[in-house]
Amino acid sequence: MKIGIDKMGFATSQYVLQMDDLANSRGADPEKFSKGLLLNALSIAPITDDIVTMGASAADSILTEDDKEAIDMVIVATESSVDQSKAAAIYVHSLLEIQPFARSVEMKEACYSATAALDYARLHVEKHPNSKVLVIASDIAKYGIESSGESTQGAGSIAMLISQSPRILELNDQTLAQTRDIMDFWRPNYSTTPYVNGRYSTTQYLDMLKSTWSEYQRRFDTSLADFSAFCFHLPFPKLALKGFNKIMDKSMPIDIQEKLKKNFESSILYSQQIGNIYTGSLFLGLLSLLENSQNLLAGDQIAFFSYGSGAVAEIFTGKLVEGFQNQLQPSRLGELKKRTVLSISDYEHLFFEEAQLDEEGNATFADYETGPFVLKEIREHQRIYGRKND
Ligand code: HMG
């Protein structure tokens with residue numbers, strides 16, 4: 001049975017921070033960000049737009065009423081949980097009015113968990129061929145004002161509908177994961193921002209890529225020449241470029257190398273305008289590739305490198321399906337230009353605002369711009385979500 005990604009949706013916040021503004025205010029050379037990190041802008045979410053609202057928006061943009069009847073599992077992959085117990089997937093299930101006989105769970109392993117969710121979804125559909133699984137990767141990457149990671153923040157969600165006879169990408173069975181117990185990036189329960197050994201994290205990312213890819217090729221008797229594109233986890237696009245250069249096989253014919261290079265460039269376009277969306281960023285790369293590449297054809301094989309700090313990495317692959325273009329939107333770069341540009345002081349206030357709870361656990365919020373869903377208030381410690389205009 002062929003199983004894979006049938007539909008893909010995306011949502012980000014309505015506010016944006018330009019990297020040049022950040023550089024100027026922090027006394028850095030703007031080229032450090034535009035050339036050193038390959039980043040132009042970061043999506044900035046206000047307190048009323050979180051992993052639930054953005055995740056629901058991403059899914060709302062692709063689901064039909066028939067899909068909502070067929071979905072029997074909702075997985076939200078995230079490291080930006082809004083609750084230590086209740087799964088964000090339950091809020092999403094409710095906001096989208098998915099039929100009740102469904103399983104809803106949250107999964108975590110830094111930026112890796114959406115890859116594990118995809119595999120769980122694939123195995124579920126293999127056992128229950130008429131099922132559809134909604135996988136949402138939703139995160140807000142927040143390192144702190146004037147922190148070392150401030151230039152690699154971001155916010156956004158990717159929604160993927162997993163089914164048999166998928167219309168975008170068939171997932172192949174060959175996957176290879178690697179686990180290493182390292183402290184490159186982590187966030188203890190008592191901290192709202194992560195601790196990070198930045199340079200060390202980049203060397204671990206590259207080393208996990210090299211060693212996993214080398215073992216993947218050996219185990220499955222394959223090589224880069226078998227692929228039309230390679231998508232990477234995108235904490236910031238320059239690191240993925242370093243990864244791409246590391247795995248490039250210069251002995252391949254020039255036209256194959258050129259196609260891979262062009263497709264790499266297409267895969268980073270959205271990330272350059274949005275920043276890190278943690279577990280969704282690999283799939284944002286896929287969406288950017290599919291909506292901007294001029295040379296992809298049905299039957300083309302795509303390889304994926306997933307990396308989550310801590311660390312778990314995985315390489316998996318998929319094949320583009322006939323007519324995949326019909327399931328996509330034209331490039332979203334124009335849409336991203338519509339976000340409201342924030343001044344530095346507005347960014348510092350809006351991104352780091354915390355709920356001011358009264359003694360009964362109530363809090364209300366200013367009327368910030370969001371997508372179709374919004375965190376309306378906190379009432380007796382309960383998060384109250386709804387459609388923006390309800
Ligand atoms: P930094 O200290 O801001 O920057 O840290 P830098 O000094 O390393 O410079 C960055 C690049 O800009 C360098 O390029 C400089 O040479 C260049 P490179 O040498 O690496 O090729 N540069 C310039 N280029 C042009 N003109 C100039 C100029 N000046 C310098 N004037 C760092 C950067 C990424 C370490 C920091 O932002 C950080 O700690 N970020 C967070 C951690 C991170 O993103 N790690 C990535 C790997 S771990 C991962 O992917 C997992 C993660 O997504 C989380 C999860 O799994 O949940 C993070």
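**Close-up views of the predicted model**

**View 1. Polar side chains meet the ligand in this predicted model.** A polar side-chain atom of His 233 sits 2.9 Å from an oxygen atom of the ligand. Lys 238 also places a polar side-chain atom by a ligand oxygen, at 3.2 Å. For Lys 242, the distance from a polar side-chain atom to an oxygen atom of the ligand is 2.5 Å. On its own, the ligand exposes 1,100 Å². The protein buries 76% of that area.

**View 2. Thirty residues, written 30 in the count, surround the ligand.** The closest are Glu 79, Cys 111, Ser 201, Lys 242 and Ser 309. Lys 242 thus appears here as well as among the polar side chains of View 1. Cys 111 is buried, at a relative accessible area of 10%.

**View 3. Two cysteines, Cys 111 and Cys 231, lie 16 Å apart, sulfur to sulfur.** Which cysteine sulfur is nearest to that of Cys 231? The sulfur of Cys 111 is, and Cys 231 is in no disulfide. The structure as a whole holds zero disulfides. A pair counts as a disulfide with its sulfur atoms within 2.5 Å, so the 16 Å separation rules this pair out. Cys 231 is buried, with a relative accessibility of 0%.

**View 4. The chain divides into two domains.** Domain 1 is built from two segments, 3-170 and 331-387. Domain 2 spans 171-323. Their C-alpha centres are 20 Å apart. Domain 1 gives 58 residues to the contact, and domain 2 gives 55 residues.

**View 5. The largest nonpolar core has 80 residues.** Ile 44, Leu 96, Leu 134, Phe 230, Phe 232 and Phe 305 have the most contacts inside this core. Where does the core lie relative to domain 1 and domain 2? Both domains give residues to the core, so it lies between them. A second, separate core has 41 residues. Its members include Ile 75, Ala 121, Tyr 270 and Phe 316.

**View 6. Leu 134 and its contacts from beyond four places in sequence.** Leu 134 touches Ala 59, Leu 63, Ile 71, Met 73, Val 74 and Ile 75, among others. Further contacts include Leu 96 and Ile 98. Ala 159, Met 160 and Leu 161 are also in contact with Leu 134. Ile 75, one of these partners, belongs to the second core.

Conventions
Residues numbered from 1 in each chain as written. Predicted model: local features only at pLDDT ≥ 70, side-chain atom pairs only at ≥ 80, totals over all residues. Heavy atoms only, no water. Core = buried A, V, L, I, M, F, W, Y, C linked by side-chain atoms within 4.5 Å. Buried < 20%, exposed > 50% of the residue type's maximum accessible area, 1.4 Å probe, protein only. Domains from an automatic or database assignment. Contact = heavy atoms within 4.5 Å. Near = heavy atom within 4 Å. Polar contact = N/O pair within 3.5 Å; in protein donor to acceptor, adjacent residues only side chain to side chain. Areas by Shrake-Rupley, 256 points an atom, 1.4 Å probe, with all protein chains shown as cover.
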